[in-house]
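Work through these exercises with the sequence and the 3D view side by side. Try each task before reading its solution.

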Amino acid sequence: VVASPYEVNHNTEDLKKLANAILKLPGETKVIMEYTGKYHQSIANFLQSKGIFVSLLHPKLIHDYGNRSIRRFKTDKKDAIKIANYGIDSWLTLRKYVPEDNIRQSLKNFNRQYHQYMKIKTSLKANLISLLDVSFPNINRLFTSSVRNDGRQKWIDFANEFWHYKCVSKLTKINFRKKYKDWCKTHGYNFSSSKSDEIYFLACQQTTVLPKNESTKKLIKIAISQLNSISKSLSDISKDMLNLSSLLPEHNIVMDMGGVGNILGPQLIAEIGDVRRFYRKQCLVAFAGIDAPPFQSGDFVSKNRKISKRGSPILRKTLYQIMSCILKSSPEDSPVYQFLDKKRSEGKHYYVYMMASANKFLRIYYAKLTQYFKSLDDAS
């Protein structure tokens, strides 16, 4: 211990004092820090810019290290000593922190915001459906149109106009068909007379809790307005992410891979970052948390292992969505789909062959990109 603990504010003056104090220490000095959300980034970037060796560690590594007491305690002093001891024991294997470039950092921030807003959208969507269940039940199930580029959906726009079943059932069948046709033309949707009859039949069979009045109308209109607003924000974020990812050298290679589209492609690039920071493909698989570490003790060797789930949950979700797209499109020439189909034909569980295929996808991803970056280095 070379100094007693003291507070350092996150401003230029205090960080300069900290950097000067570290640089004045005798011998080789390294700064060891835990990942703490985004809180650590400003300090790590500042110290790294001053020529100080900075290494960032996963909190799990520190948590599992050196627990030599049966007492449970946690203080900043104890944590500091624990992190320092870990750094001394791992002195030669500590990896130097390299800040991400601005494009990758912005892309990752966009992706994290996208997933936060997606949670809100899911909640708002469930709220709207619950309201419609007591004003126009099951109307959302009659429409299968895909989401538009601006985030709007046909069933939501329909509920905004026909927010109660009596908005339909009080009309005659012919009058509703005409009104529905005009509505489709106004909003740019395809009209189908069979769909019109299906909606009218559903409305005539309904009995609900909420009455057809201004209060019910206001509740549903507000719910739709909020849902459309968050959907528009998600659509804008997706476009910005696509524009940002197009500035990166690996964009075209990633976008050409099966199952990757304009939404999942930028998300994949954002979460993995620069693939060159992984010195082998197994590291990338472990970072995603879809590896199944061996478990052996004496003569016992476990043959039924679960994925570690120690890496990025957002990356795992993105990989699962990519595997779902590959499964739906079933491209026969795709090595990932061939592998997936093989495991499925062997009778493997759904999640087993999906995660095994995600593992293979990441290995192909790593091989393609490392080869591409190597060719760029050779050319330069």
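The exercises below treat a predicted model.

**Exercise 1. An aromatic pair**

Task: Classify the ring pair Phe-158 and Trp-183, and place both residues in the chain.

Solution:
- Start with the total. The structure holds 17 aromatic pairs.
- Take the geometry of this one. The ring centres of Phe-158 and Trp-183 are 5.7 Å apart, and the planes stand at 90 degrees.
- Apply the cut-offs. Centres within 6.5 Å make a pair, and planes over 60 degrees apart count as edge-to-face. Phe-158 and Trp-183 are therefore an edge-to-face pair.
- Locate the partners. Phe-158 sits in helix α6 (residues 154-161) and Trp-183 in helix α8 (residues 173-187). They are 25 residues apart, and the pair links distant parts of the chain.
- Check burial. Phe-158 and Trp-183 are both buried.
- Widen the view. Both rings belong to one aromatic cluster, which also includes Phe-136, Phe-143, Phe-162, Phe-176, Tyr-180, Tyr-189, Phe-191 and Tyr-200.

**Exercise 2. Arginines over rings**

Task: Which rings do Arg-148 and Arg-277 lie over?

Solution:
- Arg-148 lies over the face of Tyr-189, 4.0 Å from the ring centre. Tyr-189 is one of the members of the aromatic cluster.
- Arg-277 lies over the face of Phe-287, at 5.0 Å from the ring centre.

**Exercise 3. Three helix packings**

Task: Describe how α15 packs on α16, α5 on α14, and α5 on α6.

Solution:
- Know what to read off. Two packed helices are described by the angle between their axes and the distance between the axes.
- Begin with helix α15 (residues 335-345) and helix α16 (residues 350-379). Their angle is about 155 degrees, and their axes are 9 Å apart. So α15 is roughly antiparallel to α16. The crossing is right-handed.
- List the contacts of that pair. On the α15 side are Pro-335, Val-336, Phe-339, Leu-340, Lys-343 and Arg-344. They meet α16 residues including Tyr-353, Met-354, Phe-361 and Ile-364.
- Next, take helix α5 (residues 102-132) and helix α14 (residues 313-329). Their axes come within 12 Å and cross at roughly 75 degrees. So α5 is roughly perpendicular to α14. Here Asn-111, Arg-112 and His-115 of α5 meet Ile-314, Lys-317 and Thr-318 of α14.
- Finish with α5 and α6. The axes come within 12 Å and cross at roughly 45 degrees. So α5 is oblique to α6. The crossing is left-handed. Lys-125, Leu-128, Ile-129 and Leu-132 of α5 make the contact with Trp-155, Ile-156 and Ala-159 of α6.

**Exercise 4. Three residues in helices**

Task: Are Ile-156, Ser-235 and Ala-288 buried or exposed? Name what they touch, setting aside residues up to four places away in sequence.

Solution:
- Recall the cut-off. Buried means under 20% relative accessible area.
- Ile-156 is in helix α6. Its relative accessible area is 1%, so Ile-156 is buried. Ile-156 is in contact with Leu-128, Ile-224, Leu-227 and Asn-228. Among these, Leu-128 also takes part in the α5 contact with α6.
- Ser-235 is in helix α10 (residues 214-245). Its relative accessible area is 9%, so Ser-235 is buried. Ser-235 touches Asn-149, Asp-150 and Gly-151.
- Ala-288 is in helix α13 (residues 281-288). Its relative accessibility is 0%, so Ala-288 is buried. Ala-288 touches Gly-311, Ser-312, Leu-315, Arg-316, Leu-319 and Leu-362.
- Add two distances. The C-alpha atoms of Ile-156 and Ser-312 are separated by 33 Å, with the two positions 156 residues apart along the chain count. The C-alpha atoms of Ala-288 and Lys-348 are 21 Å apart, and these residues are 60 apart along the chain.

**Exercise 5. Positive phi**

Task: Where do Asn-138 and Ser-330 lie, and what is phi at each?

Solution:
- Asn-138 lies in the loop between α5 and α6. Its phi is positive, about 70 degrees, although Asn-138 is not a glycine. At 33% relative accessibility, Asn-138 counts as partly exposed.
- Ser-330 lies in the loop between α14 and α15. Its phi is also positive, about 50 degrees, and Ser-330 is not a glycine either. With a relative accessible area of 25%, Ser-330 is partly exposed.

Conventions
Residues numbered from 1 in each chain as written. Predicted model: local features only at pLDDT ≥ 70, side-chain atom pairs only at ≥ 80, totals over all residues. Heavy atoms only, no water. Phe/Tyr/Trp six-rings, centres within 6.5 Å; stacked < 30°, edge-to-face > 60°. Helix = DSSP H or I, 4+ residues; strand = E, 2+ residues; numbered from the N terminus. Buried < 20%, exposed > 50% of the residue type's maximum accessible area, 1.4 Å probe, protein only. Lys NZ or Arg CZ within 6 Å of the ring centre and 35° of its normal. Axes fitted to C-alpha atoms, helices over the stretch in contact; angles between N-to-C directions. Parallel < 35°, antiparallel > 145°, perpendicular 65-115°, else oblique. Left-handed = near helix turned anticlockwise from the far one by under 90°. Contact = heavy atoms within 4.5 Å.
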